[in-house]
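Got the viewer open and a selection box ready? Let's walk through this one stop by stop.

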Amino acid sequence: MEKIVALCKRRGFIFQSSEIYGGLNGFWDYGPLGCELKRNIKDAWWRDVVQRRDDVVGLEATIIMHPSIWKASGHVDSFTDPMVDCKTCKKRFRADQLCEELGLKLESVETPTGKQFKLPAGAKCTACGSDQLTEPRSFNLMFKTFIGPVEDVSNVAYLRPETAQAIFAQFQNVLSCARQKVPFGIAQIGKAFRNEINPRNFTFRSREFEQMELEFFIKPGTDAQWHEYWVKERMKWYESIGLPASKLKPYVYKKEELAHYASACVDVYFDFPFGSQELEGIAARGNFDLSQHQKHSGKSMEYFDDETKEKYLPHVVEPSAGVDRIALALLCNAYYEEWAPTSESAGSAPIPAEHGKQPPAGFESRVVMRFAPRIAPVKVAVFPLLKNKPALVEKAKEVFHLLRSQFVSFYDEAGNIGRRYRRQDEAGTPFCVTIDFDTLGEKGPEMKDTVTLRDRDTLKQERVSIKELPARIAEAVK
Ligand SMILES: [Zn+2]
């Protein structure tokens, strides 16, 4: 994980927020490569979940919404984590995480005012070993702010802790304009904020993050079949962006683990270097959210079925994914250390690096990010063989401009070709195109206007005509 964090900073995937002021715990910025990666994840999700389907439409709601939304959704009263403090060293913990680390289970009892937690016997501070811990107190995870100049209770608002609630609140508006019939879905991508007690595992648990959520509205009684459908769809999608099935695990909730209104829930887990952790939850939530908003707003949330002439509150299946977690999973999955031939034109394939050993003669170490071409931040890099030959540079720039009109492309003329390849390997660029003297026709007319196209993973190089290049690359990155 340390190597991945270092690469993320070195190559401009992820930086600490406000680093020059010492950083801000739980906040992260995406650099030039990172923001392309994130954009590709969101674009892939939006295309597959919204644009390529007949039965899903989009929504983009505000981050700050009417505070009654969070009262109705239950977030004001119960979106809390149990927090404990060590009285000796003053360190603060999330009680459930502390217990988990100690191999204990946090005890909880239902009371009329919500859950109350109790530390089990044997709980101690994992930082200093003291057993002087406070009793767990509930801490609401919503960030609070004020609307307008007066900072009093009547002006309190919250930064949304999830994007889903706006979809329920706008259900009738979307229904009346979108010409959709149940079953249909409303999708949204956007920022969400949670004031985590203990942000950790790099970007995995952050205080500001981005979600991709779908609320798929269905006829009551069809919950099980639609839930199963969306679990399958979502597992397939993860494979389509390059996360292998072998590292993805569905976790099926047991009856006693479900929220009282939910009939099923499956979390998609990914094997991170720091353990198996959740990327997405797919929950069958019944009509809980719509009925809560109907109750609190006094507005009907019912749906009228033309065919059966009945009115009902639709049930919902909710696939809810974290963009930043998916980005981190892709970064972890893509990272490889290899030994690559010093001269790539020799045609040898790379071999896996052996830990703590030097590469054999004729090979050098490389770090390569094997992103699926569809998701790679940069699709193609263009190099003139030499930068001091104006004819090569001119031709290379011509090819670069041709490719840039269709793909995120990168032009590089600094350093020898081998170093330029290594830089693109670390960026995860699937293709490199080199313009050499053959391209100019110096070895004969049959090679004129051809370039070498180099594959990041196999290191294979082939001669391709400039005319064919865009189609070749388009096929691989679609
Ligand atoms: Zn302590």
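What follows is a tour that runs from a metal site to the domains, then to charged pairs and two loop residues.

One thing before you click: this is a predicted model.

**Stop 1: the zinc site**

Select the zinc ion together with Cys86, Cys89, Cys125 and Cys128. The SG atoms of these cysteines are the protein donors, and they lie 2.3 to 2.4 Å from the metal. If you check the angles that the four donor atoms subtend at the zinc ion, you should get 108 to 114 degrees, which makes the arrangement tetrahedral. For reference, the ideal angle for four tetrahedral donors is 109.5 degrees.

Now look at the chain around the donors, whose spacing reads C-x2-C-x35-C-x2-C. Cys89 sits in the loop between strand 4 (80-85) and strand 5 (92-94), while Cys128 belongs to the loop between strand 7 (114-118) and strand 8 (137-140), so this pair ties together parts that are 39 residues apart in sequence. Turn on a surface and you'll find Cys89 partly exposed, at 33% relative accessibility. Cys128 is partly exposed as well, with a relative accessible area of 40%.

**Stop 2: a threonine in a loop**

Stay with the loop between strand 7 and strand 8 and pick Thr134, which is found there. Is Thr134 buried or exposed? Its relative accessible area is 18%, and the cut-off for buried is under 20%, so Thr134 counts as buried. Show what surrounds Thr134: leaving aside neighbours within four places in sequence, its contacts are Val84, Asp85, Lys87 and Leu119.

**Stop 3: two domains**

Zoom out and colour by domain. The assignment gives domain 1 as 30-65 + 154-328 and domain 2 as 368-477. Put a marker at each C-alpha centre and the two will be 39 Å apart.

Where do the domains meet? Twelve residues of domain 1 are in contact with ten residues of domain 2. About 860 Å² is buried between domain 1 and domain 2, and 62% of that is on carbon and sulfur atoms. On the domain 1 side, select Leu33, Leu37 and Asn40: these residues lose the most area to domain 2, together 51% of what that side buries.

How many salt bridges are counted between domain 1 and domain 2? The count is one. To see a salt bridge in this part of the tour, select Asp48 and Arg374, whose side chains meet at 2.8 Å, N to O. Keep Asp48 selected and add Arg52: Asp48 forms a salt bridge with Arg52 too, with the closest N and O atoms 3.2 Å apart. Arg52 is exposed, at 60% relative accessibility.

**Stop 4: more charged pairs**

Across the whole structure, a search finds 45 salt bridges. Here are some to try.

Begin with Glu210 and Lys42, whose side chains meet in a salt bridge at 2.9 Å, N to O. This pair links distant parts of the chain, with Glu210 in strand 12 (residues 208-218) and Lys42 in helix 2 (residues 32-51), 168 residues apart. Their surroundings are worth a look with the surface on: Glu210 is buried at a relative accessible area of 9%, whereas Lys42 is partly exposed at 21%.

Next, select Glu228 and Lys232, a salt bridge in which the closest N and O atoms are 3.4 Å apart. Both residues are in helix 8 (residues 223-240), and being four residues apart there, they are separated by about one helical turn. Glu228 is partly exposed, with a relative accessible area of 47%, and Lys232 counts as exposed at 54%.

For a bigger selection, take Glu338, Glu344, Glu364, Arg366, Arg370, Arg422, Asp425, Arg454, Arg456 and Asp457, which salt bridges with shared partners join into one network.

**Stop 5: a valine in a loop**

Finish at Val182, found in the loop between helix 7 (171-178) and strand 11 (184-193). Val182 is buried, at 14% relative accessibility. Which residues does Val182 touch, not counting residues up to four places away in sequence? They are Phe217, Ile218, Lys219, Tyr303, Tyr312 and Pro314. Draw a distance to Tyr303: the C-alpha atoms of Val182 and Tyr303 are separated by 8.3 Å, although these residues are 121 apart along the chain.

Key:
Residues are numbered from 1 along each chain as its sequence is written. This is a predicted model: local features need pLDDT of at least 70, side-chain atom pairs count only at pLDDT 80 or more; totals for chains, interfaces and linings use all residues. Side-chain values use heavy atoms; hydrogens and water are left out. Donors are N, O and S atoms within 2.8 Å of the metal (3.2 Å for Na, K and Ca); water is not among the atoms, so sites may look incomplete. Four donors count as tetrahedral if all angles lie between 85 and 135 degrees; four count as square planar and six as octahedral if opposite donors are over 155 degrees apart and all others between 65 and 115; anything else is irregular. Helices (H or I, at least four residues) and strands (E, at least two) are DSSP runs, numbered from the N terminus. Buried means under 20% relative accessible area, exposed over 50%, partly exposed in between (1.4 Å probe, protein chains only). Domain bounds come from an automatic or database domain assignment. Contact means heavy atoms within 4.5 Å. Buried area is the accessible area (1.4 Å probe) that two parts lose on being put together, summed over both. A salt bridge is a side-chain nitrogen of Lys or Arg within 4 Å of a carboxyl oxygen of Asp or Glu.
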